[in-house]
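Student: Please take a close look at one part of this model for me. Pick a single stretch and tell me what surrounds it. Set it in the context of the whole chain as you go.

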Amino acid sequence: MPRLVRHDLTGPIKIEPQDKPVFICGCGLTRNFPFCDGSHKACKAERPDRLYVYDADTQTVVEERPDGPS
Ligand code: FES
């Protein structure tokens, strides 16, 4: 069953369980889940009042619309 999962973060979540930090993906675009792979750079131009839909393969925006109740 396909689904849309909303991610509001535009960067990774940093955790430091060991002697070096680990970055967990917070944007939902990584190809190496749950770890950040730098794909969040695609989110940099996002506006907070808009909703973005990304193509899972190309990680490019395929739809953009106003965010809020519909
Ligand atoms: S936070 Fe998602 S790829 Fe970096």
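**The E3–E4 hairpin in its chain**

Tutor: Of the chain's elements, strand E2 (residues 22–24) has the highest mean pLDDT, 94, and E3 has the lowest, 92. Here pLDDT is the predictor's confidence in each residue, on a scale from 0 to 100. The model is a predicted one: local features need pLDDT of at least 70, side-chain atom pairs count only at pLDDT 80 or more, and totals for chains, interfaces and linings use all residues. Numbering starts from 1 along each chain, as its sequence is written. The chain's average pLDDT is 89, and 96% of the residues score at least 70. As a rule, predicted coordinates should not be read in detail where pLDDT is low.

Now the layout. The chain has four strands and zero helices. These elements are DSSP runs numbered from the N terminus: helices are H or I over at least four residues, strands are E over at least two. From the N terminus the order is β-β-β-β. The C-alpha trace spans about 45 × 25 × 25 Å along its principal axes. Among the 70 residues, 9% are buried. Buried means that 20 or more other C-beta atoms lie within 10 Å of the residue's own; exposed means 12 or fewer; partly exposed is in between, with C-beta atoms placed from the backbone. Of the contacts with a separation of 6 or more, 12% join residues 24 or more positions apart. A contact needs two C-beta atoms, placed from the backbone, within 7 Å.

The hairpin is the part to study. E3 and E4 pair in the antiparallel sense, over five bridges. Two strands count as paired if DSSP finds at least two bridges between them. One partnership joins Arg50 to Pro66 in E4. Strand E4 covers residues 61–66; zero of its six residues are buried, so E4 lies largely in the open.

Take Val53 on the other strand. Val53 sits in strand E3, residues 50–54. Val53 is exposed because there are 10 other C-beta atoms within 10 Å. Leaving out residues up to four places away in sequence, Val53 touches Val62 and Glu63. Glu64 is eleven residues from Val53 in sequence, yet their C-alpha atoms are 6.3 Å apart.

Next, the turn. Six residues lie between the two strands of the hairpin. Gln59 belongs to this loop between E3 and E4. The phi of Gln59 is near 55°, a positive value in a residue other than glycine. Gln59 has 17 C-beta neighbours inside 10 Å, so Gln59 counts as partly exposed.

Upstream, the loop between E2 and E3 holds Pro34. The Phe33 to Pro34 peptide bond is cis, with omega near 10°.

Back towards the N terminus, Ile15 lies in strand E1, residues 13–15. Ile15 is exposed because it has 10 C-beta neighbours inside 10 Å. Beyond residues up to four places away in sequence, Ile15 touches Val22 and Ile24. Ile15 and Leu29 are 14 residues apart along the chain, and 19 Å separates their C-alpha atoms.

To return to the hairpin: its strands run antiparallel with five bridges, and Gln59 in its loop takes a positive phi.
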